Amino acid sequence: ANSKETLGHAVAAIVKHLQLNPPTVSLFTNPALLDMQNKSVVSQTRVPKRANQPLSPPAYETAVEEDFDINIPPIPTEFPELEFLSKDEMKQLVDDEDIFQAFLQTKVTNIQEFLQSNLEGTYQSAKNNLEQESELLALHTEATNLHQLLTKKGTVFATLTERQELLTERPDKRLVVRKLMVAKKEIDDESEDMASSYVNGDLTDVDINEFIRTYTEKRILYHTRNAKIERLRVG
C-alpha cells in the first residue's frame, strides 16, 4: 500500500512539475523538422487573443467529429520504469532537472520518430503525385474534349428530336388546306404567265416541245393540288 501511495504521489508530483515547468524542446537537426518547428512557433505568436476570453482547446466532442486516419502514438497511462523506484529516487528524479529531462527524452524520442516517419510518408506521397501530374493533365484534357463533344452532340440530338416530332405529328387539316391553296395559286399564276408570254411572242427563243412539257407539268401540278384540297374538304 505504501509503495502504491508513494508511486501515486510521485506521479502527481511529475504531472505538477510538467504543468509548472514545461520541458524544453530539443533542437531538431533535420532541416525539414526544424522548418516545421519555426513555422509552428510563428503561427502560435500570431493567434489573436479575444478580449477577456482566455484561449482554450476545443471540446473533445468537437475534435473527434473529424475523421483523421493518423497512427498517433498512444498516450501512456502508466510508467512501469517508475514502479520500482524508491522514494529518494523519485524525489531525485523530480528535483534533478538533468535526470528529469533525460527521462522525458526517452518519451519524446517516440514522438520524434513518429514525426519523422509521417514527414517521410508525406514527402513520398507528394513525390508520387508530382510524378503523375502529366498523366492527370492528359486525362483532364481528354475529359474536357469529350465534354465539349458531348455538348455539341446533345445540341444536334435535341434539334433532330424536335424535327422528328414535327414530322411525325398529325398535321392540322385546315392548315394543310391553306398551304395547298397558296401553292395551287402560285403554280396557276406561273402557268398562266407562261402561256401569256408565249401567246404574246415573248418566248421566241424557247423550243415548242420544251414549252409544252413545262406548261403541262405546271397544269398537272395545279390540278393535283386542287384535287387534294377537294378531298381534304370532303373528308
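## Contacts of M90

Leaving aside neighbours within four places in sequence, M90 is in contact with A10, I14, L82 and L85. The model is predicted. M90 is found in helix α4 and counts as buried, at 5% relative accessibility. The C-alpha atoms of M90 and H9 are 9.5 Å apart in space, although 81 residues separate the two in sequence.

## Salt bridge in helix α4

Helix α4 covers residues 87-95 and also holds D95 and K91. The side chains of D95 and K91 form a salt bridge, with an N to O distance of 2.7 Å. Because D95 and K91 are 4 residues apart in the helix, about one helical turn separates them. Whereas M90 is buried, D95 and K91 are both exposed.

## Salt bridges in helices α7 and α8

The structure has 8 salt bridges by the rule applied here. One of them joins D189 and K185, at 3.0 Å from N to O. D189 and K185 belong to helix α7, which runs over residues 173-199, and their spacing of 4 residues puts them about one helical turn apart. D189 is partly exposed, with a relative accessible area of 34%, while K185 is exposed, with a relative accessible area of 52%.

In helix α8 (residues 208-234), E210 and R213 lie 3 residues apart, about one turn of the helix. E210 and R213 form a salt bridge whose closest N and O atoms are 2.5 Å apart. Both ends of this bridge are partly exposed: E210 has a relative accessible area of 36%, and R213 has 41% relative accessibility. Salt bridges that share partners also join D188, E192 and R219 into one network.

## Surroundings of R219

R219 is found in helix α8. With 16% relative accessibility, R219 falls under the 20% limit, so it counts as buried. Not counting residues up to four places away in sequence, R219 touches D188, S191 and E192. Two of these contacts, D188 and E192, are also members of the salt-bridge network with R219.

R219 has an aromatic neighbour as well: it lies over the face of Y222, at 4.5 Å from the ring centre. Y222 is itself among the buried residues of α8.

## Geometry and packing of helix α8

How does the expected span of α8 compare with the distance between its end C-alpha atoms, and what is that distance? At 1.5 Å a residue, the 27 residues of α8 should span 39 Å, and the end C-alpha atoms are 39 Å apart, which agrees. The expected value is 39 Å because the span is taken as 1.5 Å times one less than the number of residues.

At the N-terminal end, α8 is capped by D207, which has a side-chain oxygen 3.1 Å from the backbone nitrogen of N209. The buried residues in α8 are F211, T214, R219, Y222 and I229. These buried residues pack against α7.

## Aromatic pairs

A search of the whole structure finds 2 aromatic pairs. In one, the ring centres of Y198 and F211 are 4.2 Å apart and the planes lie at 15°, so the pair is stacked. Y198 lies in helix α7 and F211 in helix α8, so this pair ties together parts that are 13 residues apart in sequence. Y198 counts as partly exposed at 34% relative accessibility, whereas F211 counts as buried at 9%.

F211 also pairs with Y215, with 5.8 Å from centre to centre and 15° between the planes, and this pair is stacked. F211 and Y215 are both in helix α8, where a spacing of 4 residues separates them by about one helical turn. At 25% relative accessibility, Y215 counts as partly exposed. Through these ring pairs, Y198, F211 and Y215 are linked into a cluster.

Terms used: Residues numbered from 1 in each chain as written. Predicted model: local features only at pLDDT ≥ 70, side-chain atom pairs only at ≥ 80, totals over all residues. Heavy atoms only, no water. Salt bridge = Lys/Arg side-chain N within 4 Å of Asp/Glu carboxyl O. Helix = DSSP H or I, 4+ residues; strand = E, 2+ residues; numbered from the N terminus. Buried < 20%, exposed > 50% of the residue type's maximum accessible area, 1.4 Å probe, protein only. Contact = heavy atoms within 4.5 Å. Polar contact = N/O pair within 3.5 Å; in protein donor to acceptor, adjacent residues only side chain to side chain. Phe/Tyr/Trp six-rings, centres within 6.5 Å; stacked < 30°, edge-to-face > 60°. Lys NZ or Arg CZ within 6 Å of the ring centre and 35° of its normal.
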